[in-house]
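Visitor: Could you walk me through this model and show me how its labels are earned?
Guide: Gladly, let's look together.

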Amino acid sequence: MKFIKNLMKKEKDYSLYSAAAEAGITMDQMNVLVIAQQGEEDAVYMYEQLAKVVRDEADRKAFERLAGDEKRHSDVFKKYTCMDVKANPAKGIFVPLMYRVLGKKKVYPIIAKGEYDAAEKYKHIINDFPEVVEVMNDEVHHGDAVKGLL
Ligand SMILES: [Fe+2]
Ligand SMILES: [Fe+2]
């Protein structure tokens with residue numbers, strides 16, 4: 001709840017209360033959905049930035065595809081939140097840097113773990129939001145796909 005309250009204070013936007021009421025969801029659920037949407041937007045940006053720096057053509061194509069998937073995921077959450085969420089650029093800066101310094105053998109397993117962790121988190125909300133099942137399954141496939149590039 002703190003996350004969403006700070007966000008609303010910052011944006012001076014209280015329309016989330018009415019959006020939640022309209023969608024028939026609680027503010028706690030709304031908080032979870034906004035955080036999920038943020039995570040997806042961060043992933044879009046990270047994969048876009050990664051696609052720009054990777055040396056292998058197959059990797060670039062894979063990351064461009066994953067960025068597209070993450071955007072679709074973000075839209076699943078946006079349907080509930082009715083909010084535009086901007087990516088936090090941290091991962092989009094840090095992960096390509098790690099790729100340059102450490103190389104793909106070290107970095108791709110970390111990215112894959114992030115995908116599996118995301119799937120694990122979504123497990124807790126699929127009862128309330130059945131559309132998220134597909135998103136959750138995608139994250140597992142993403143983890144496998146990134147590992148498959150090694
Ligand atoms: Fe995703
Ligand atoms: Fe993903």
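Guide: Just after α4, Cys82 has a positive phi of about 55°. This is a predicted model, in which local features need pLDDT of at least 70, side-chain atom pairs count only at pLDDT 80 or more, and totals for chains, interfaces and linings use all residues. Residues are numbered from 1 along each chain as its sequence is written, while chains are lettered from A and ligands numbered from 1 in the order in which they are written.

Visitor: Why is α4 called roughly antiparallel to α7?
Guide: Helix α4 (residues 57–81) and helix α7 (residues 132–148) pack at about 160°, their axes 11 Å apart. Because angles over 145 degrees count as roughly antiparallel, α4 earns that label against α7. Ala62, Leu66, Asp69, His73 and Val76 of α4 make the contact with Val132, Val135, Asp138, His142 and Ala145 of α7; being in contact takes C-beta atoms, placed from the backbone, within 7 Å.

Visitor: How do you know what span α4 should have?
Guide: The expected span is 1.5 Å times one less than the number of residues. For the 25 residues of α4 that gives 36 Å, and its end C-alpha atoms are 36 Å apart, so the two agree.

Visitor: What makes Pro96 partly exposed?
Guide: A residue is buried with 20 or more other C-beta atoms within 10 Å of its own, exposed with 12 or fewer, and partly exposed in between. Pro96 has 19, so it is partly exposed. Pro96 lies in helix α5 (residues 90–102).

Visitor: Which residues of α4 are buried?
Guide: Among them are Phe63, Glu70 and Phe77, and what covers the buried residues of α4 includes α2 (15–23), α3 (27–53) and α7.

Notes:
Axes fitted to C-alpha atoms, helices over the stretch in contact; angles between N-to-C directions. Helix = DSSP H or I, 4+ residues; strand = E, 2+ residues; numbered from the N terminus. Parallel < 35°, antiparallel > 145°, perpendicular 65-115°, else oblique. Contact = placed C-beta atoms within 7 Å.
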